[in-house]
Amino acid sequence: MEKMDENKRNKWLHIRLTDRELVKIRAYSEETIQQSLSDFARRILLKKPVIGRYRDTGTEDLLRELFALRRDLHGLASNYNQLVKKLHSEPEIEGKTLSIQAQDLGENIRDSLEKLQGFMDKITEKWLQS
C-alpha cells in the first residue's frame, strides 16, 4: 500500500512561460513518444531519457482507412445477422434459398474480417516498431 502512495503524483510544480515558449515545448513534446506534456516535462526535469518519434504518415493514413473499412465491414455483418434472423422466421421456400445465400455471404464477410484483422495487426506492429 505504501508503494502506491509513494508513486502517487499529488504535488504540483507551477512555472510561467511565454506563449512562444509554450508552443516550442509542445512542439518538442510532440516529437517524442511521451503521451502527455506533463510526462515530457517530468522526464526533461528529472534528466531521464526522452525518446524521439518517427511517424510514417503513409502508414498512419493507411491504418486510418483500414480502421474505417473494418467499421464498415462490421456494419455489414450486423445487417447480415438481421437478415438471417428475418429469413429464418420465413417458412417459405424462397426464404430458405435466400437463407443459404445469406449464410454464404456471412461466411465471406467473416473471412474478410479475419483477413483484414490479421493485416491490420501486422501493419500496426510494424508501425509501432518504427
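**Figure 1. Surroundings of Q103 in helix α5 of the predicted model.** In this predicted model, Q103 is found in helix α5. With a relative accessible area of 34%, Q103 is partly exposed, because that value falls between the limits of 20% for buried and 50% for exposed residues. When neighbours within four places in sequence are left aside, the contacts of Q103 are with Y80 and H88. Along the chain, Q103 and Y80 are 23 residues apart, and their C-alpha atoms are separated by 8.6 Å.

**Figure 2. I109 and its contacts.** I109, like Q103, has its place in helix α5. The relative accessible area of I109 is 10%, and the residue is therefore classed as buried, the limit being under 20%. Not counting residues up to four places away in sequence, I109 touches L73, L76, A77 and Y80. Of these, Y80 lies 29 residues from I109 in sequence, with a C-alpha to C-alpha distance of 8.9 Å. Y80 is also a contact of Q103, and thus appears in both this view and the preceding one.

**Figure 3. The largest nonpolar core.** This core is made up of 11 residues: L66, L73, A77, Y80, V84, L87, A102, I109, L113, L116 and M120. Helices α4 and α5 (93-129) each supply at least two of its residues, and α4 gives the largest share, with 6 residues. Three of the residues touched by I109, namely L73, A77 and Y80, are members of this core. Another member is L116. Leaving aside neighbours within four places in sequence, L116 is in contact with L66, L69, R70 and L73. L73 is thus a contact of both L116 and I109.

**Figure 4. F40 in helix α3.** F40 is placed in helix α3. The residue is buried, its relative accessible area being 8%. Apart from neighbours within four places in sequence, F40 is in contact with I25, Y28, S29, T32, Q34 and V50. One of these partners, S29, is 11 residues away in sequence, and the C-alpha atoms of F40 and S29 are 6.0 Å apart in space.

**Figure 5. The salt bridge between D39 and R42.** The side chains of D39 and R42 form a salt bridge, with an N to O distance of 3.6 Å. Side chains of opposite charge can pair when their charged atoms come close. Both residues belong to helix α3 and are 3 residues apart, about one turn of the helix. D39 counts as partly exposed, at 23% relative accessibility. R42 is likewise partly exposed, with a relative accessible area of 26%. The count of salt bridges in the model comes to 1.

**Figure 6. The largest pocket.** The volume of the largest pocket is about 770 Å³. Its lining comprises 20 residues, of which L13, S38, A41, R42 and L45 are the closest to the centre. The elements giving two or more residues to this lining are α2 (19-30) and α3 (37-45). The most comes from α3, with 7 residues. By class, the lining holds 13 nonpolar, 3 polar and 4 charged residues. R42, the salt-bridge partner of D39, is among the lining residues closest to the pocket centre.

**Figure 7. K47 in the loop after helix α3.** K47 lies in the loop between α3 and α4 (57-88). Although K47 is not a glycine, its phi is positive, at about 55°. The relative accessibility of K47 is 77%, so the residue counts as exposed, the limit being over 50%.

**Figure 8. Overview of the protein chain.** The secondary structure of the chain comes to 5 helices and 0 strands. From the N terminus on, the order of elements is α-α-α-α-α. The chain has 130 residues, of which 18% count as buried; F40 and I109 are two buried residues shown in the views above. Among contacts in the chain with a separation of 6 or more, 45% are between residues 24 or more positions apart. The pair I109 and Y80, in contact and 29 residues apart in sequence, illustrates such a separation.

Terms used
Residues numbered from 1 in each chain as written. Predicted model: local features only at pLDDT ≥ 70, side-chain atom pairs only at ≥ 80, totals over all residues. Heavy atoms only, no water. 1 Å grid on protein atoms, 1.4 Å probe; cavity = no way out; pocket = protein on both sides within 12 Å on 5 of 7 lines; lining within 4 Å. Points joined across faces, edges and corners; volume = space filled by probe spheres on them. Helix = DSSP H or I, 4+ residues; strand = E, 2+ residues; numbered from the N terminus. Nonpolar A, V, L, I, M, F, W, Y, C, P; charged D, E, K, R; others polar. Buried < 20%, exposed > 50% of the residue type's maximum accessible area, 1.4 Å probe, protein only. Salt bridge = Lys/Arg side-chain N within 4 Å of Asp/Glu carboxyl O. Core = buried A, V, L, I, M, F, W, Y, C linked by side-chain atoms within 4.5 Å. Contact = heavy atoms within 4.5 Å.
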